[in-house]
Each structure stands twice: as C-alpha cells, then as structure tokens.
Amino acid sequence: MGSAAAATTEFTGLVNTLIILLLVATGVALITRRLHIPYVVGLVVAGLAITKQALPGTIGLNPDLILNLFLPILIFEAAINTDFSRLRSTVKPIALLAGPGVLLAASITAALLQAGLGMAWITAAATGVILTITDTVSVIVAFREVPVPGRLATIVEGESLFNDGIALVLLSLIATFHTQGTVTPTAALSQLLVAFVGGGLVGLGLGYLCVGLFSQLDDALSDLLLTVAVSLGTFQLGQALGVSGAIAVVVTGLVIGNLGFSRTSASTRVTLLNFWEYAGFGVNTFIFLLVGIEVNLGTLWYTIPAALFAILAYQIGRICSIYPLVALLNFFDRPIPLRWQHVLILGNVKGSLSMALAVSLPLTLPGRPEVIALVYSAVLLSLIGQGLALPRLVKQLNLSPISPLRQHIETLQLNLISSKAAQQELNSLLESGSLPKSLYEELFAAYQARIATSERELRDLYNQRSDIAPDPVEQGYLDSLRRRLFLAEKGAVRRAARKGLLPDDLAQSYVSELNEKLMTLKDE
C-alpha cells in the first residue's frame with residue numbers, strides 16, 4: 001500500500017508540475033510578444049528562474065525521452081512541411097553542407113577545443129560534433145520576422161533536417177572508438193553508408209506504405225493516429241536495424257508530406273498540419289523550459305569563459321566550412337550570394353538537441369561532467385546572444401525586399417490557392433452526400449468567380465510586365481516560379497522515359513535544355 005500511495009503522490013506531483021510549466025509557457029508567450037523577443041529565449045530565461053525544488057514533482061531533461069520521443073516529432077514535423085520540389089532544387093548545397101560541411105566544422109571545432117581548453121582528443125571530438133548541430137527553431141523564427149529568399153530558407157531547413165542524423169552517426173562512431181579503442185577507416189565508412197542508405201530505404205518503405213493507407217482511410221483522426229505511429233515507429237525501427245533513425249524519419253516525413261497528404265481531402269490536410277504544428281510547438285516549449293531548469297546558475301557563471309571560447313571555436317569551424325565549400329559549390333551549381341553565406345553563419349545557433357546529446361555521452365568519457373556543463377552554458381549563451389541578434393542582423397542584410405507588385409501577385413495567388421482548395425472540399429462533401437446539390441452549385445460558382453478574377457488579373461500583370469524592363473527583385477520572384485515549372489517538367493519527362501513512353505536520347509536532350517534554362521534563372 002505504501003508503494004502504491006507513493007506512486008500516486010509522485011504522479012500527482014508530475015501532473016501539477018506540467019500544469020505549472022504550461023502556465024509559465026503561456027505567460028512567456030504573452031511577454032515575449034510584447035517585448036518582441038524570440039519565444040525560445042524567453043522560455044530558457046524563465047526556466048533559469050525556476051528551480052527543481054520549487055516544483056511539486058520531479059522533472060528533468062531526460063536524453064532518452066528527447067532522442068526517442070521529442071526528436072522524431074521535431075524531425076517529422078519539419079519534414080512534412082518541406083516542399084520536395086524546392087528541396088530537390090537545392091539538393092547540392094544541402095548535401096555539401098550537411099555532409100562534408102558537418103565533418104569539416106566538427107573537426108576544426110574539436111581541434112580548437114583541444115588546444116584551447118586542454119580536452120582529451122576523444123572528448124574534444126564528441127564535443128565538436130555536439131556543437132556543430134544548429135537549432136533550426138531559432139533560425140526559422142527569425143525568418144518569420146524578416147522576409148528571406150525561399151531558396152535560402154530551403155537550404156537552411158534542408159541542412160538542419162539531415163545534419164542531425166549525420167551528427168548522431170558521428171557520435172556513434174566516436175562512442176564505438178571510445179569503447180573498443182580503435183575503429184578502422186573502412187569500418188567507419190561502412191557504418192556511415194549503412195546508416196544513411198539503410199535509413200533512407202527504411203524511410204522510403206514506410207513512407208510509401210503510409211501513402212497507400214492514406215488512400216484507403218481519408219479520415220482525419222485515423223490519419224492523425226497513423227502519422228504519429230509512423231513517425232515514432234520509423235525512428236525505433238531504424239535504431240533496431242542499426243541504421244540512422246533520424247534519416248529514416250526525414251525520408252518518411254518527406255514522402256508523407258509531399259505524396260500522402262495529396263491523397264486526402266483539404267479538411268484532413270488542415271487537421272494533420274495543425275496537429276503537427278501544435279506537436280512541434282509543444283515539444284519545443286517543454287525542451288527549452290527544461291533547458292533553463294537544468295542549468296545551475298552557479299555552474300553557468302563558472303563556465304562562462306570556457307563557453308564563450310566554445311562559441312568562438314564552433315563559429316570559426318562554421319566559417320571555415322561555409323565559405324570554402326560554397327565557393328567550391330559555385331563551380332557546379334547556381335551560386336549562393338555572399339549575403340546568404342553570412343546568414344548561414346549568423347544563424348549557427350545551438351539548441352536542445354546539443355544538450356540532449358551531451359547528457360547521452362558515455363559515462364566513462366574523460367571529462368564528461370565538464371563537457372555537459374560547457375555545452376549547457378554555450379547553448380544558453382548562444383540562444384540569448386545569437387538568438388536575440390539574429391533577426392536584426394538578417395534584417396540589416398536586406399535579403400528579400402518586397403515590392404508592392406509582388407505583394408499584389410502573392411495576394412492573387414492566395415485567392416487562387418484558397419478558392420481551389422475550397423472547391424475540392426465542396427466536391428468531397430457533394431460526393432459523400434453531406435451537401436445539397438443546389439447549395440453546392442451556388443458555393444462552387446462563387447469560388448469559380450473568385451478564381452476567374454484572380455487569374456485574369458495575374459494574366460494582365462504578366463502581359464504588362466513583358467513589355468517593360470523588369471525590376472531585379474520582381475524578376476527574381478518570377479524566375480522562382482519558372483524554376484518550379486522547369487523542375488516539374490524534368491520530373492515528368494524522366495518518369496515518361498523510365499516507363500518507355502519517350503526515347504531516352506530525346507528525354508535526355510530535353511532535360512539538358514531545361515538544366516541550361518535553370519542555370520540562367522536568378523535566385524529570389
């Protein structure tokens with residue numbers, strides 16, 4: 001009886017703690033909105049003001065919870081909202097920055113930490129990898145406050161999608177070296193290939209299986225349960241098979257978001273996207289609050305000098321990886337403007353995953369307690385310092401000035417997208433017998449008139465602009481639209497060639513022409 005009563009008391013304390021944290025998060029949201037500061041920064045500061053002793057229940061930053069529950073949710077939510085057509089157009093810079101870029105930045109950071117702080121090499125290597133991971137949440141928050149080119153946002157989001165998986169695999173290699181004493185280059189390369197290729201195949205298999213189930217269900221609640229099960233199950237299956245669970249979740253999310261959601265009705269898509277937006281927001285809320293609660297103010301103050309050096313080290317690593325690799329990229333892909341490269345460096349903010357990985361380091365790693373304190377302090381200073389400065393710095397770069405004409409075009413596009421989505425939902429309601437045909441015809445006609453008006457205005461604007469020299473910014477926006485069309489053409493031609501509908505030589509010639517056209521287009 002005593003143990004049962006103690007368990008009940010512990011559970012009640014945990015529930016009360018969660019309620020308190022939710023109320024704190026609500027208050028932080030109100031205050032940060034009034035003060036115009038990033039929400040995640042406010043959460044960490046609020047967490048610092050809360051001590052574990054002040055909470056009715058025991059709660060902490062459990063690395064297993066973050067890696068097995070929070071991480072799949074965050075990755076899946078980001079993946080389903082990633083437009084594959086844009087991701088495909090930026091695959092070269094993403095692959096370069098998330099692959100060789102992470103290796104180069106982590107190596108330079110580790111070397112500086114070993115030389116400057118006297119860490120053991122194995123400890124410096126693990127810390128360098130942990131501090132190479134970028135917190136996407138803070139960067140995307142800045143992008144929402146300040147308009148940036150779509151291609152730049154896609155590169156940032158795509159790199160963060162894949163570099164988490166790469167960092168996890170690298171840490172696994174370091175842990176293997178630490179426990180076994182040695183790892184041959186062949187074994188390390190084979191482990192990397194198995195992790196990424198295997199993770200990609202697992203993600204593709206489960207993603208396409210889920211797409212087939214979407215076609216059969218088309219019920220918001222059933223689809224919601226399916227996506228939750230698939231996102232968490234994919235990560236666990238990847239871990240069990242010895243491949244990268246993070247990469248598997250990324251691929252599954254991309255397949256479901258770009259193919260699966262198209263098999264559902266508009267209302268179901270809205271329900272799914274809203275749920276995952278809330279899930280991602282809730283997970284980040286608890287992670288950043290727990291970051292603040294876990295950090296001891298005395299330890300933070302003591303480790304500030306070392307943390308500032310660590311920030312300098314990983315920023316140098318980022319600089320030495322971004323500028324040279326992007327210069328190399330310019331030889332075989334569309335150039336990335338210098339101001340964009342500045343954003344890739346300024347947005348190198350650390351976050352919750354770095355802290356979770358620090359806690360999950362092997363217990364026998366030399367200097368493990370000091371590494372955890374160092375990473376916690378560096379993350380906190382990075383969130384507050386870089387997180388607050390990032391929106392202002394991005395705004396000063398003036399990356400994407402918006403003209404009145406572009407705003408008008410985007411409004412017309414909004415009308416088209418929303419009206420056609422509403423017509424699709426009307427068709428679904430009519431087919432299911434939920435809507436009288438007379439009311440369907442009246443509402444459908446109203447939306448059709450709205451569509452016709454928007455299309456006519458867009459056509460008139462395009463015809464007017466073809467007679468005058470275009471503004472450089474507006475030309476970049478139009479080129480981004482043409483890029484999407486050219487990419488769609490490439491995909492259709494390649495599919496037709498694979499099915500034998502077109503001769504390979506004809507298809508290849510047409511794809512080459514499209515590639516030349518893509519190279520001439522200007523970035524947004």
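This report walks through a predicted model of one protein chain, from its overall make-up to a few of its helices and residues.

## The chain as a whole

Let's start with the big picture. The protein chain holds 21 helices and zero strands. Of its 524 residues, 47% are buried.

Now look at the surface and the contacts. The accessible surface of the chain is about 25,100 Å², and carbon and sulfur atoms account for 65% of that area. If you take the contacts between residues at least 6 apart in sequence, 82% of them join residues at least 24 apart.

## An enclosed helix

Find helix α16, which covers residues 352-359. How many of the residues of this helix are buried? Eight of the eight are, so α16 is largely enclosed by the rest of the structure. You can pick them out by name: S352, L353, S354, M355, A356, L357, A358 and V359.

## A nonpolar patch on the surface

Next, turn to the outside of the model. L189, L193, V197, L201, L204, Y208 and L259 make a nonpolar surface patch of about 670 Å². Which helix gives the largest share of this patch? That is helix α10 (residues 185-217), which supplies six residues.

Y208 is a good residue to zoom in on. This tyrosine is found in helix α10 and is one of the residues of the patch. Y208 has a relative accessible area of 48%, so this residue counts as partly exposed; to be called exposed, a residue needs over 50%.

## Two helices that pack together

Two packed helices are described by the angle between their axes and the distance between the axes. Here is a pair to try this on: helix α5 (residues 91-98) packs with helix α14 (residues 297-329) at an angle of about 145°, and their axes are 10 Å apart. Their contact is made by K92, P93, L96 and L97 on the α5 side, together with I322, L325 and L329 on the α14 side. The crossing of α5 and α14 is right-handed.

## A46 and its contacts

Finally, visit A46 in helix α2 (residues 39-49). Is A46 buried or exposed? A46 has a relative accessibility of 16%, so it counts as buried, the limit being under 20%.

Who does A46 meet? Setting aside neighbours within four places in sequence, A46 is in contact with V24, V28 and L289. Another residue to look for is L290: it is 244 residues from A46 along the chain, yet the C-alpha atoms of A46 and L290 are separated by 9.7 Å.

Key:
Residues numbered from 1 in each chain as written. Predicted model: local features only at pLDDT ≥ 70, side-chain atom pairs only at ≥ 80, totals over all residues. Heavy atoms only, no water. Buried < 20%, exposed > 50% of the residue type's maximum accessible area, 1.4 Å probe, protein only. Helix = DSSP H or I, 4+ residues; strand = E, 2+ residues; numbered from the N terminus. Patch = residues over 30% accessible without salt bridge, like charges linked within 9 Å, V, L, I, M, F, W, Y side chains within 5 Å. Areas by Shrake-Rupley, 256 points an atom, 1.4 Å probe, with all protein chains shown as cover. Salt bridge = Lys/Arg side-chain N within 4 Å of Asp/Glu carboxyl O. Contact = heavy atoms within 4.5 Å. Axes fitted to C-alpha atoms, helices over the stretch in contact; angles between N-to-C directions. Left-handed = near helix turned anticlockwise from the far one by under 90°.
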